[in-house]
Amino acid sequence: MTEISLIAARNIYKSYGNGNNILPVLKKISFEIKEKDFVTVVGPSGIGKSTLLNIIGTLDKPDSGSIQFDGLDLSKFSDNQLSDLRLNMIGFIFQFHHLIPEFNVIDNVIMPNLIAEKKPNYSMAKDLLDHVQIVDKINSFPSQLSGGEKARVSVARALMNNPKIILADEPTGNLDAENAERLIDLLLKVREEFDQTIVLSTHNKKLSKLGNKKFEITKNQFKIRDRFK
Ligand SMILES: Nc1ncnc2c1ncn2[C@@H]1O[C@H](COP(=O)(O)OP(=O)(O)OP(=O)(O)O)[C@@H](O)[C@H]1O
Ligand SMILES: [Mg+2]
């Protein structure tokens, strides 16, 4: 039996700008992400890491090239189907966490249920908050949390709809060394305990060494290092 890649991207080209000012960012790159892969995406600032994560997360579209998500061709998806896919299949973790200030911790975590118009599963949200060790702050508001705590809440939120893949764009970018370390441990735990596939962009040296695959973006090259090959 051939194993279907969770993500299979072929010749992805993405540029920004218009007219004479075209900035090519992703230059016909191809890659595969398999279930349970932990992929780190590294490269200098401005090289295209967030662009790549946004394309994998269907928040943005390539100019050309194809992406299959779990065997399905994304170019055939309508905008509504893409937003359903994002809600049900993808968990996002961002550098600034994007928690909703007017909602307390548990309501931020159940937000993906609410957006997907599912019954809010408070017991699952509590379990997840327990996992990220923040269950005592369940009724606190984001403004009352430290950076590390906000990051952990955003990990719980990303897991809420049982996603197929977690995309984390510089999740430790805004944290001090101790909290960065704690978040790294948490992501490793999430990978093990929830069988998660994770794609993570980072400038953090230690974090970039974790994972079984590394995508290195440079000006002229897209290099894939597969540590298990
Ligand atoms: N919406 C946009 N319009 C025009 N240019 C853009 C847009 N988004 C990104 N860019 C440009 O594309 C390039 C890649 O940006 P991207 O955000 O993917 O880089 P990055 O590797 O994530 O950088 P960083 O490490 O600083 O987050 C940059 O030169 C950026 O200025
Ligand atoms: Mg970025």
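**Backbone, ligand shell and aromatic pairs**

Residue H97 is located in the loop that runs between β6 (90-93) and α3 (105-115). The structure described here is a predicted model. In this model the phi angle of H97 is near 70 degrees, which is a positive value in a residue other than glycine. Most residues other than glycine have a negative phi. The relative accessible area of H97 is 3%, so H97 is buried, since a residue counts as buried under 20%. Q133 also has a positive phi without being a glycine, with a value near 60 degrees. The loop that holds Q133 lies between α4 (122-131) and α5 (147-159). A further positive phi, near 60 degrees, belongs to T58, which follows helix α1.

The chain as a whole was considered next. Its secondary structure consists of seven helices and 10 strands. The radius of gyration of the chain is 18 Å, and the globule rule gives 17 Å for 229 residues; the two values are close, so the chain is as compact as a globular protein of that length. The C-alpha trace spans about 50 × 45 × 40 Å along its principal axes. Of the 229 residues in the chain, 47% are buried.

Helix α1 (49-56) takes part in the surroundings of ligand 1. Most of this helix is covered, as six of its eight residues are buried. These buried residues are K49, T51, L52, L53, I55 and I56. N54 is also placed in helix α1, but its relative accessibility is 27%, so N54 counts as partly exposed. That class covers the range between the limit for buried residues, under 20%, and the limit for exposed residues, over 50%. The C-alpha atom of N54 is separated by 15 Å from that of S30, and the two residues are 24 positions apart along the chain.

The shell around ligand 1 contains 13 residues, of which S45, G46, K49, S50 and T51 come nearest to the ligand. By residue class, the shell divides into five nonpolar, six polar and two charged residues. Several side chains place polar atoms close enough to the ligand to be listed as polar contacts, for which the limit is 3.5 Å between N or O atoms. In the case of T51, a polar side-chain atom is found 2.5 Å from an oxygen atom of ligand 1. For K49, the distance between a polar side-chain atom and an oxygen atom of the ligand is 2.7 Å. The side chain of E170 has an N or O atom at 3.2 Å from an oxygen atom of ligand 1. On its own, ligand 1 has 640 Å² of accessible area, and the protein covers 58% of this. Two elements, β2 (21-33) and α1 (49-56), each give two or more residues to the shell. Helix α1 gives the most, with three residues. Both K49 and T51, whose side chains contact the ligand, are among the buried residues of this helix.

Aromatic side chains were then examined. A pair of aromatic rings is described by the distance of the centres and the angle of the planes. Across the whole structure, four aromatic pairs were found. In one of them, formed by F31 and F222, the ring centres are 6.0 Å apart and the planes stand at 50 degrees, so the pair is tilted. The tilted class applies when the angle is neither under 30 degrees, which is stacked, nor over 60, which is edge-to-face. F31 belongs to strand β2 and F222 to strand β10 (residues 222-226), so this pair ties together parts that are 191 residues apart in sequence. With a relative accessibility of 3%, F31 counts as buried. F222 has a relative accessibility of 18% and therefore counts as buried too. Together with F215, the residues F31 and F222 form one aromatic cluster. The strand that holds F31, β2, is also one of the elements that contribute to the shell around ligand 1.

A polar contact within the protein was found at strand β1 (residues 7-18), where S15 lies. The side chain of S15 makes this contact with the side chain of D63, at 2.8 Å. S15 has a relative accessible area of 14% and is therefore buried.

Notes. Residues numbered from 1 in each chain as written. Chains lettered and ligands numbered in written order. Predicted model: local features only at pLDDT ≥ 70, side-chain atom pairs only at ≥ 80, totals over all residues. Heavy atoms only, no water. Near = heavy atom within 4 Å. Polar contact = N/O pair within 3.5 Å; in protein donor to acceptor, adjacent residues only side chain to side chain. Areas by Shrake-Rupley, 256 points an atom, 1.4 Å probe, with all protein chains shown as cover. Helix = DSSP H or I, 4+ residues; strand = E, 2+ residues; numbered from the N terminus. Nonpolar A, V, L, I, M, F, W, Y, C, P; charged D, E, K, R; others polar. Phe/Tyr/Trp six-rings, centres within 6.5 Å; stacked < 30°, edge-to-face > 60°. Buried < 20%, exposed > 50% of the residue type's maximum accessible area, 1.4 Å probe, protein only. Rg over C-alpha atoms; globule rule 2.2 N^0.38 Å.
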